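Reader: Hey, I've just opened this one and I'm new to it. Could you walk me through it?

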Amino acid sequence: MEITITHIGGKNFKLAKRIYHKLSNNENIVIPIAFKTDLATAPVILWGFFPPYSDFLPAAIVHDWLYANKYVADGIVKGYDARLFADDEMLKLSMIHNNSKGFKGFKKRFGNIIRYLIVRCLGWLYWYDVIK
C-alpha cells in the first residue's frame, strides 16, 4: 500500500493520493484524496515508543477512515460491533505490515497490541464524538 501524505499543521495530515484497500471481510474501500488524519493518535511525548508513521501508517489511516465514517461492515450491527470491527482491522493490518524479524519484530508487534488495547479502552471517545 503506497501512502502519500501532506502535513497541514500540528499533528494533522491529509492524503495526497487516494488509497484503495480491501478489508478483511473482502469489502473494498477507497480513502479519498484530502482525507484528514492525525495518523496514530498519540501524544508527541510517546512518539519514541509509538511513532505515528512507519509500518503502522496504513493501519492508522484505514482505522481513522473507518472511525470518521462510522463504517458498518455487512452483517454487523452499528455501535459497539462496528467499532470492534474497525479496531480489529487496525490490529490485523498493523500485523500484516510489520514483517520484521527478531527482537525488532517482537517490539513492533508488542507495540501494535498495546495500541490496540488503548484503542479498545479509549476509542469510544472518538467513535461517539466526545473528542473530535
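Author: Sure, we'll take the whole chain, then one helix, then the charged pairs and two asparagines. One thing up front: this is a predicted model, where local features need pLDDT of at least 70, side-chain atom pairs count only at pLDDT 80 or more, and totals for chains, interfaces and linings use all residues. Residues are numbered from 1 along each chain as its sequence is written, and side-chain values use heavy atoms, with hydrogens and water left out.

Reader: Ok, how many helices and strands does the chain have?

Author: Four helices and five strands. Those are DSSP runs numbered from the N terminus: helices are H or I with at least four residues, strands are E with at least two. In sequence order the pattern reads β-β-β-β-β-α-α-α-α.

Reader: And what does the C-alpha trace span along its principal axes?

Author: About 40 × 30 × 30 Å. The radius of gyration is 14 Å, which agrees with the value near 14 Å for a compact globule of 132 residues. That radius is taken over C-alpha atoms, and the globule rule is 2.2 Å times the number of residues to the power 0.38.

Reader: What share of the residues is buried?

Author: 41% of the 132 residues count as buried. Buried means under 20% relative accessible area, exposed means over 50%, and partly exposed is in between (1.4 Å probe, protein chains only). The chain exposes about 7,700 Å², with carbon and sulfur atoms supplying 63% of it. Those areas come from the Shrake-Rupley method with a 1.4 Å probe, and for residues only the protein chains shown count as cover.

Reader: What about contacts, what percentage join residues at least 24 apart?

Author: 57%, counting contacts between residues at least 6 apart in sequence. A contact here means heavy atoms within 4.5 Å.

Reader: Let's switch to α1. Is this helix mostly covered or uncovered?

Author: Mostly covered, with 11 of its 12 residues buried. Among the buried ones are Leu57, Ile61, Trp65 and Tyr67. Helix α1 runs over residues 57–68 and reaches 16 Å from its first C-alpha to its last, close to the 16 Å expected at 1.5 Å a residue. The expected span is 1.5 Å times one less than the number of residues. Just after α1, Lys70 takes a positive phi of about 45°.

Reader: I see Asp64 in that helix. Which side chain of opposite charge is nearest to it?

Author: Arg115, at 9.9 Å, and Asp64 is buried yet has no salt bridge. For charge, Lys and Arg count as positive and Asp and Glu as negative, while His and the chain ends are not counted. A salt bridge needs a side-chain nitrogen of Lys or Arg within 4 Å of a carboxyl oxygen of Asp or Glu. Leaving out residues up to four places away in sequence, Asp64 touches Phe35, Thr37, Asp38 and Leu39.

Reader: So how many salt bridges does the structure hold?

Author: Four. One of them joins the side chains of Asp129 and Lys70, at 3.5 Å from N to O. Asp129 lies in the segment after α4 (124–127) and Lys70 in the loop between α1 and α2 (80–97), so this pair ties together parts 59 residues apart in sequence. Asp129 is partly exposed at 40% relative accessible area, and Lys70 is partly exposed at 30%.

Reader: Cool. What does Arg83 pair with?

Author: Asp87, with the closest N and O atoms 3.7 Å apart. Both lie in helix α2, four residues apart, about one turn of the helix. Asp87 also meets Arg120 in a salt bridge, at 2.5 Å from N to O. Arg120 is in helix α3 and Asp87 in helix α2, so that pair ties together parts 33 residues apart in sequence. Shared partners join Arg83, Asp87 and Arg120 into one network.

Reader: Are those residues buried or exposed?

Author: Asp87 and Arg83 are buried, and Arg120 is buried too.

Reader: Last bit: where is Asn112 placed?

Author: In helix α3, residues 102–122. Asn112 is buried at 4% relative accessible area. Skipping residues up to four places away in sequence, Asn112 touches Phe56, Leu91, Ser94, Met95 and Asn98.

Reader: And Asn98, where does that sit?

Author: In the loop between α2 and α3. Asn98 counts as buried, at 4% relative accessibility. Besides Asn112, its contacts beyond four places in sequence include Asp55, Gly105, Lys108 and Arg109.
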